[in-house]
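Me: Please take a close look at one part of this model for me: the largest nonpolar core. I'd like to hear what feeds into it and what sits elsewhere in the chain.

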Amino acid sequence: MDGPSRRKMLITGGALGAFGALGMAAPAHARPLWTWAPSGSVAGAGAGADPEWVWDEEVDRLVAAVIDRGDVPRVNAELRKWTRNDQPLPPGLPADVRDFMERARQLPSWADRSKLETAARFNGTRGLYLNLLNGVGGGMLSTAIPREARAVYYSKGGADMEDRVAKTSLLGFAVGGLNAYRPDGKVVVEAVKTRMVHAAVRHLLPKSPGWSRTGGGQTIPISQADMLVTWHSLPTYTMRKLLEWNVPMSPADSEGYLHLWQVTAHMLGILDEYIPATWDAADSQYGQVLEPILATTPEGVELTDILLGQLAEQTSPGGIDRPLVNALARYLVGDHVADLDRIPREPFWERAIATAWPKLVAYREKLIPLPLVPPLAWTIDEAARQYILFYLTKGRGTHIEIPDTNRPD
Ligand code: HEM
């Protein structure tokens with residue numbers, strides 16, 4: 001398998017120095033000792049085991065067996081029929097898969113419906129920021145997370161990033177939906193499917209020569225520690241940005257948004273003893289698991305370039321807005337992450353965004369309390385979401401499905 005193209009690395013990294021820097025930055029950073037106390041988790045207690053060495057045992061065994069016995073096409077065909085939180089599981093699923101999914105679809109006992117409803121209302125008016133931060137910002141962080149960048153690059157979806165982004169958006173948009181955890185919503189469906197996809201990746205990637213060559217010694221991908229890293233690149237990073245942008249928020253909104261993502265973490269298979277109970281606990285975990293591991297990888301640089309190219313295409317066919325998109329991405333994640341991702345500098349657009357964005361946020365926030373503005377804001381944001389999915393799938397739609405191969409060699 002060809003690694004990411006050296007030409008692209010030189011272009012995006014800029015001249016000779018970049019290759020040296022990439023080469024040096026690529027090996028895995030030393031991971032700090034796990035000292036985060038389970039008393040700060042939603043479980044309130046736990047063994048305190050280092051999540052670096054914990055995966056998702058039951059579903060990992062199950063999905064490995066499904067792949068090995070050649071059942072993936074049958075399971076995927078059935079999974080396509082399951083689209084709503086309240087829908088019974090398709091009867092054609094193999095018994096062992098159905099049995100697992102029946103248990104995995106149950107919300108945790110600590111899920112609080114009223115907090116989830118508060119979060120849905122918050123999503124309704126702040127969809128613009130949340131989509132940008134979770135989608136573009138989270139995307140740019142994910143490519144600076146070496147293990148995630150490599151897992152995505154060498155897995156099946158790495159060969160078709162438009163489809164891959166569309167599939168990931170299915171979960172993101174479900175979480176951001178007004179009916180996220182209601183009976184007609186979709187988060188339970190997309191999260192349980194994603195949990196099974198991750199189990200498949202754990203079985204398949206160790207067979208990828210590209211992944212094994214660059215994995216920094218990890219033998220099974222997507223540990224609980226890795227899951228936490230990615231989780232923080234979504235709600236914790238997003239909340240930090242909302243506060244930085246002075247988006248007005250009641251304590252109930254802030255708590256509701258955290259709760260939405262706590263429940264989603266559980267549904268994705270993160271153990272309760274690792275899920276932070278409060279924003280303070282989340283911040284301390286963020287500092288411990290995410291910040292120290294951010295680094296440049298050739299795979300991450302190439303994926304960044306593809307993702308930003310797609311975004312430029314979506315906003316203006318022909319891609320003429322690429323400098324603007326580069327500057328927006330840099331604004332969202334800051335210089336450190338943007339430099340790790342080798343996002344080119346765009347002085348004109350960077351200045352323009354730094355001046356315009358706070359004004360846009362302030363203006364929008366003044367409008368939010370007006371009658372009819374929240375439903376209008378939601379309608380516009382929803383149209384943008386539908387457009388993104390339509391564009392990425394070329395109108396064909398897509399589904400989260402269990403892969404049975406890695407990226408082709
Ligand atoms: C698949 C979300 C953590 C690597 C997916 C999918 C979603 C998703 C929605 C299904 C879309 C698809 O099949 O392409 C999440 C969320 C995470 C998380 C919300 C944490 C909160 C991780 C981590 C890694 C990872 C930590 C690796 C270190 C992958 C890979 C695929 C995948 C390789 C499958 C790609 C393929 O074969 O097509 N993830 N993920 N994910 N995820 Fe994650």
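Reply: Here's a walk from the model as a whole to the core, and then out to a few other spots.

A word on the ground rules before we start. Residue numbers run from 1 along each chain, following the sequence as written. The model is predicted, so local features need pLDDT of at least 70 and side-chain atom pairs count only at pLDDT 80 or more, while totals for chains, interfaces and linings use all residues. On pLDDT (the predictor's confidence in each residue, from 0 to 100), the chain has a mean of 88, and 89% of its residues reach 70 or more. Residues 1–28 are another matter: their pLDDT is below 50, although this stretch has 41 contacts in the model beyond near neighbours in sequence. A contact here is a pair of residues whose C-beta atoms, placed from the backbone, lie within 7 Å. Where pLDDT is low, the predicted coordinates should not be read in detail. As for the overall scores, ipTM is 0.98 and pTM is 0.91.

The chain has 17 helices and zero strands. Both are DSSP runs numbered from the N terminus, with helices being H or I over at least four residues and strands being E over at least two. Buried residues make up 44% of the 409 in the chain. The cut-offs: a residue is buried if 20 or more other C-beta atoms, placed from the backbone, lie within 10 Å of its own, exposed if 12 or fewer, and partly exposed in between. Of the contacts with a separation of 6 or more, 78% join residues 24 or more positions apart.

Now the core itself. A nonpolar core is a set of buried Ala, Val, Leu, Ile, Met, Phe, Trp, Tyr and Cys residues joined through C-beta atoms within 7 Å. The largest one has 95 residues, and Ile-270 and Ala-329 touch the most other members. Helix H9 (residues 187–204) gives the most to this core, eleven residues. Domain 1 (60–106) and domain 2 (111–184 + 195–392) both contribute, so the core lies between them; those bounds come from an automatic or database domain assignment. Setting aside neighbours within four places in sequence, Ala-329 is in contact with Val-136, Met-140, Leu-308, Ala-338 and Ile-343.

Helix H9 is worth a stop, and Met-196 is one of its residues. Met-196 counts as buried because 26 other C-beta atoms lie within 10 Å. Not counting residues up to four places away in sequence, Met-196 touches Val-59, Val-63 and Ile-402. Met-196 and Ile-400 are 204 residues apart in sequence, yet their C-alpha atoms are 9.7 Å apart.

Back to the two domains: their C-alpha centres lie 27 Å apart. Eight residues from domain 1 and ten from domain 2 make up the contact. On the domain 1 side, helix H3 (residues 57–68) supplies the largest share, four residues. That side divides into four nonpolar, one polar and three charged residues. In this scheme Ala, Val, Leu, Ile, Met, Phe, Trp, Tyr, Cys and Pro are nonpolar, Asp, Glu, Lys and Arg are charged, and the others, Gly among them, are polar.

H9 also turns up at the ligand: along with helix H7 (146–154), helix H8 (161–175) and helix H11 (224–244), it supplies at least two residues of the shell. There are 24 residues around the ligand, with Ala-151, Ser-155, Gly-157, Lys-167 and Leu-171 coming nearest. Being near means having a C-beta atom, placed from the backbone, within 6 Å. The shell splits into twelve nonpolar, six polar and six charged residues.

Last, two backbone oddities. Most residues other than glycine have a negative phi. Ile-222, in the loop between H10 and H11, has a positive phi near 55 degrees. With 22 C-beta neighbours inside 10 Å, Ile-222 is buried. Arg-342 has a positive phi too, about 60 degrees, and lies in the loop between helix H15 (322–340) and helix H16 (347–367). Arg-342 has 25 C-beta neighbours inside 10 Å, so this residue counts as buried.

Technical notes
Contact = placed C-beta atoms within 7 Å.
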